[in-house]
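Student: I'm new to this one and would like a close look at a single helix. Could you pick one, walk me through it slowly, and then show me how the rest compares?

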Amino acid sequence: MDPDFLNVFTQSAALNQFGVENDIAQGEKRRLIKPTSHNNPRLEELKLFLIDWINTTLKQEHIVVKSLEEDLFDGLVLHHLLENLGSLKLDVDKIALTEKKQRQKLSVILEAVAKCLQLEENQLKWSVESILAKDLLSTLHLLVAIAKHFQPNLAIPPSVQVETIIIENTSRGLKTETTVEYITDTKENLEDQSTDDAFDELFSRAPDRLDAVKQVFLQFVNQHVGKLGLNVKDIESQFADGVILLLLIGQLEGYFLNLRDFFLTPANTTEMLHNVNLAVDLLTDGGLLNFSVNSEDIVKGDMKTTLRILYCLYSKYKTKET
């Protein structure tokens, strides 16, 4: 007998996690994280990172997640997360108390995720049943996919892998297979992906479209700071002192910015840098900025850096404008 298979059935906690108690239906296949992988520090790091990301994202909703396995299976947190990140309006009840209602809610939520991510059914690494069963592996795959889609610059811990055991009930009995499965991209893949981002491509390969992009951002900015009686006409110069950026963040994120915390009319580069540093800190604390920013570049009027900063806000709030 496969020792890994025997090991699975001696780990009651792992069995309960996947609902494998006495039997698996004919033709059914289940994937189980090997018990030894639960002690993997990289896996624990990813779990803590995702919990912190969710709690930061849903801070204003007063939602606190403590366990990915116990707090996401009923769809409540996923519902709020998708509405917050993607402004998706899902036609489901906020709270589903019965298993039937939870299954129906998860079906709507996961269908919306697949549509947003443009994934076919055979590409999904999760299902209604696996999420409802508090399947950690499926839950991790789902959260990582959502995070990568809605916040592509999020610094998700790379190269997180686990050993899994696939158990299948065939006509000849239970069949097992041990594999290694990556939950997040390897460092090599991330380096390949991050060599050039969309703005590098825009500046180097499509400079003729730069003005159109700037106009989109200007319209977005003015729609919000216009409520304060302000009007931005030039991104390069008007964001250099950090004032407009701070006021924009305050409008969108609901901050009350005390005038003693920043310089409303900065008189020199030091005061401008103070403002920009404060804006960067606010974006980082709010989970909107997850890449390194040199504040001096913004003060110097670096267009590419400024556009990247604005995109962090635009990508979250663009669909909330109307």
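Tutor: Let's take helix α11, keeping in mind that this is a predicted model. Start with what is tucked away: the buried residues of α11 are Leu210, Lys214, Phe217, Leu218, Phe220, Val221, Asn222, His224 and Val225. The helix runs over residues 210-225. Now check its length. With 16 residues at 1.5 Å a residue, α11 should span 22 Å, and its end C-alpha atoms are indeed 22 Å apart, so the two values agree.

Look again at Lys214, one of those buried residues. Its side chain meets that of Asp211 in a salt bridge, at 4.0 Å from N to O. In general, side chains of opposite charge can pair when their charged atoms come close. Both of these residues belong to α11, three residues apart, which is about one turn of the helix. Why does that spacing help? An α-helix has 3.6 residues a turn, so residues three or four places apart point the same way. The two partners differ in their surroundings, though: Asp211 counts as exposed, at 52% relative accessibility, because the cut-off for that word is over 50%, while Lys214 is on the buried list.

Next, find Val216, which also sits in α11. Val216 is partly exposed, with a relative accessibility of 36%. Follow it across to Tyr314: the two are 98 residues apart in sequence, yet their C-alpha atoms are 9.5 Å apart in space.

With that helix in mind, turn to helix α3, residues 41-57. Here Arg42 and Glu45 join their side chains in a salt bridge, 2.6 Å from N to O. These two are three residues apart in α3, so about one helical turn separates them. Arg42 is partly exposed at 27% relative accessible area, and Glu45 is partly exposed as well, at 36%.

The helix has another such pair. Lys47 forms a salt bridge with Glu44, and their closest N and O atoms are 3.9 Å apart. Again the partners are three residues apart in α3, about one helical turn. Lys47 is buried, at 15% relative accessible area, whereas Glu44 is partly exposed at 35%. This pair doesn't stand alone, either: Glu44, Lys47 and Glu69 are linked in a network of salt bridges. Across the whole structure, a search finds eight salt bridges.

What about disulfides? The count comes to zero. As for individual cysteines, Cys116 is partly exposed, with a relative accessible area of 24%, and Cys312 is buried at 6%.

Last, move from helices to strands. Strand β1 (residues 29-33) pairs with strand β2 (residues 161-170) in the antiparallel sense, over five bridges. To see the pairing for yourself, find Leu32, which stands opposite Ile165 in β2. On to strand β3 (residues 173-182): β2 pairs with this strand too, again antiparallel, over 10 bridges. There you can look for Gln161, which stands opposite Tyr182 in β3. A hairpin through two residues joins β2 to β3. While you trace these strands, remember that in a regular strand the side chains alternate between the two faces of the sheet.

Key: Residues numbered from 1 in each chain as written. Predicted model: local features only at pLDDT ≥ 70, side-chain atom pairs only at ≥ 80, totals over all residues. Heavy atoms only, no water. Pairing = 2+ DSSP bridges. Helix = DSSP H or I, 4+ residues; strand = E, 2+ residues; numbered from the N terminus. Buried < 20%, exposed > 50% of the residue type's maximum accessible area, 1.4 Å probe, protein only. Disulfide = S-S within 2.5 Å. Expected span 1.5 Å × (residues − 1).
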